[in-house]
Amino acid sequence: MTSKNLNRTNIDIVLAEFKKDRAASVPFPIRYLLFDRKFRQDIFYEIPRDVEPDTLKRALNQYVRERGTTIEYSHDVFQAWPRCSSGEDEAPRSDSGGNDDAPATS
């Protein structure tokens, strides 16, 4: 008899897809959208540059240990943020301290 556990965590899914995309030479950054059962919402995971899968796995595990009740996370290996109803494909904006609503001048 053969038995398999087909339940996969978000870490397992991101790592498996990353390995496939890396082998296929997909251009970076790579962005994945996954539903998180803990937060009951979609979360974007973005990997900005090529890294070793073991490095990504350590960073993802660190994220899961440290996230608590906060979804947003920024690490040099990847970023995570919740999907919003408007502008959902945009990365989270950093607070640059400037006025983002001011018109650009040349």
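How many residues lie between β1 and β2 in their hairpin? In this predicted model, four residues separate the two strands. R40 sits in the turn and has a positive phi of about 55 degrees. The strands β1 and β2 run antiparallel and are joined by seven bridges. D36 is placed opposite Q41 of β2.

The hairpin belongs to an open sheet of four strands. The strand order is β1-β2-β4-β3, and the pairing is antiparallel. The edges are formed by β1 (30-36) and β3 (73-74). Each edge strand has a single partner, so one side of each is left without a neighbour in the sheet. Helix α1 (residues 10-23) packs on this sheet and touches both β1 and β2 (41-47). The direction of α1 makes about 155 degrees with that of β1.

A hairpin also connects β3 to β4, through four residues. Two bridges link β3 with β4 (residues 79-82), and the two strands run antiparallel. Y73 has A80 of β4 as its bridge partner. S74 stands opposite Q79 in β4. On the other pairing, four bridges join β2 to β4, again in antiparallel fashion. Here A80 of β4 is the bridge partner of Y45, and Q79 of β4 is that of E46. A80 is thus a bridge partner of Y73 and of Y45. Strand β2 pairs with β1 and with β4. Five of the seven residues of β2 are buried, so this strand is largely enclosed by the rest of the structure. In a regular strand, side chains alternate between the two faces of the sheet.

The geometry of α1 was examined next. At 1.5 Å a residue, its 14 residues should span 20 Å. The end C-alpha atoms of α1 are 20 Å apart, which agrees with that expectation. The buried residues of α1 are N10, I11, V14, L15, F18 and D21. They cover an arc of only 135 degrees around the axis, which puts them on the same side of α1. An α-helix has 3.6 residues a turn, so residues three or four places apart point the same way. The buried residues of α1 pack against β1, β2 and α2. The face turned away from the buried side carries K20 and A23, both exposed. After α1 comes S25, with a positive phi near 55 degrees.

Which residues touch the most other members of the largest nonpolar core? This core has 21 residues, and V14, Y45, I47, L56, L60, Y63 and F78 are those with the most contacts to other members. The elements α1, β1, β2 and α2 (53-66) each give two or more residues to the core. V14 is also among the buried residues of α1. Y45, in turn, is bridged to A80 of β4. L60 touches I11, V14, L15, Y45 and F78, leaving aside residues up to four places away in sequence. Of these contacts, I11, V14 and L15 are buried residues of α1. In soluble globular proteins, nonpolar side chains tend to be buried together.

How values were computed:
Residues numbered from 1 in each chain as written. Predicted model: local features only at pLDDT ≥ 70, side-chain atom pairs only at ≥ 80, totals over all residues. Heavy atoms only, no water. Pairing = 2+ DSSP bridges. Contact = heavy atoms within 4.5 Å. Axes fitted to C-alpha atoms, helices over the stretch in contact; angles between N-to-C directions. Core = buried A, V, L, I, M, F, W, Y, C linked by side-chain atoms within 4.5 Å. Buried < 20%, exposed > 50% of the residue type's maximum accessible area, 1.4 Å probe, protein only. Expected span 1.5 Å × (residues − 1). Arc of directions from axis to C-beta.
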